[in-house]
Amino acid sequence: LELTRRRAHAVGGGFRFDLMSFAPFKAAVKSRATQVTIQMSLLVLFLLVVAAGFYGNQIQTKNIAPTLTWNIWWIGLIFLILFFGKAWCYACPWDGLTSWLRRLSFRGGEEETFNLGWKWPKALRNIYPATILFVGLTWLELGYNVTMSPRATATLGLMMLGLVFLPGLLFEKKSFCRYG
């Protein structure tokens, strides 16, 4: 699809609509308040799913955690990235949480006070960490039926949060997103 779209755009221009040309939309997107509101909303949703996974009914069909995580979230994320590119980076609650802690503030542009700022190891600046983590996730999914267990889904969600959160406090900004 991407190659077809690129060829069509290069040849005939194709239909394109630049949302950023609409001034109110552009102002809303550039507003730090909009980003924080979206990130906080998604963080609250994430915490509710984790709470449902740990404290809700442990029958998979009667708990929102596995269904929302594995059926709606993962499929939705694929289409979000396919059609909107880095829009997820704008809304990511995990990066938002890490950024807020690094600055000890919700406002943008302030000096980061809580970060070691280490460089990501050069030996890990490749596709291998992401591949290993993806294979590990698939192994957990297929080998241990994580998708069928609300508690395991919630535990895995917190582990994923840790995988973004800890490197975010140790290494330079968005290191895990770039390399992990």
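Helices, taken here as DSSP runs of H or I with at least four residues, and strands, taken as runs of E with at least two, are numbered from the N terminus. On this basis the secondary structure of the protein, which is a predicted model, comes to nine helices and zero strands, and the order of elements from the N terminus on is α-α-α-α-α-α-α-α-α. Of the 180 residues of the protein, 27% count as buried. Among contacts with a separation of 6 or more, 70% are accounted for by residues 24 or more positions apart.

The packing of two of these helices was examined in detail. Helix α4, which spans residues 64–84, and helix α8, which spans residues 150–170, have axes that come within 8 Å and cross at roughly 55 degrees; the two helices are therefore oblique to each other. On the α4 side the contact is made by A65, P66, T69, W70 and W74, which meet P150, T153, L156 and M160 of α8. By character, the residues of this contact divide into seven nonpolar, two polar and no charged.

Within this contact, T153 of helix α8 is buried, with a relative accessible area of 4%. When residues up to four places away in sequence are not counted, T153 touches A65, P66, T69 and W70, together with V146 and T147. The C-alpha atoms of T153 and T69 are separated by 7.7 Å, although the two residues lie 84 residues apart along the chain.

Aromatic side chains form a further set of contacts. With ring centres required to lie within 6.5 Å, the count comes to nine aromatic pairs. The rings of W120 and Y179 have their centres 5.8 Å apart and their planes at 25 degrees, so this pair is stacked. The pair links distant parts of the chain, since W120 is placed in the loop between α6 (93–103) and α7 (128–143) and Y179 in helix α9 (residues 175–179), 59 residues apart. Both partners fall under the 20% limit for burial: W120 is buried at a relative accessible area of 8%, and Y179 counts as buried at 18%. Elsewhere, ring pairs link W70, W73, W74 and W88 into a cluster; W70 and W74 are also among the α4 residues that meet α8.

The cysteines were considered next. A disulfide requires a pair of cysteine sulfur atoms within 2.5 Å, and by this rule the count comes to zero disulfides. For C89, which is in no disulfide, the nearest cysteine sulfur is that of C177, at 6.2 Å; C89 is partly exposed, with a relative accessible area of 36%. C177 is likewise in no disulfide, and the cysteine sulfur nearest to C177 is that of C92, 5.9 Å away. At 47% relative accessibility, C177 counts as partly exposed.

A further long-range contact involves V29, which has its place in helix α2 (residues 23–30). With a relative accessible area of 24%, V29 is partly exposed. Leaving aside residues up to four places away in sequence, V29 touches M20 and Y90. V29 and Y90 are 61 residues apart along the chain, and their C-alpha atoms are separated by 9.0 Å.

Key
Residues numbered from 1 in each chain as written. Predicted model: local features only at pLDDT ≥ 70, side-chain atom pairs only at ≥ 80, totals over all residues. Heavy atoms only, no water. Axes fitted to C-alpha atoms, helices over the stretch in contact; angles between N-to-C directions. Parallel < 35°, antiparallel > 145°, perpendicular 65-115°, else oblique. Contact = heavy atoms within 4.5 Å. Nonpolar A, V, L, I, M, F, W, Y, C, P; charged D, E, K, R; others polar. Phe/Tyr/Trp six-rings, centres within 6.5 Å; stacked < 30°, edge-to-face > 60°. Buried < 20%, exposed > 50% of the residue type's maximum accessible area, 1.4 Å probe, protein only.
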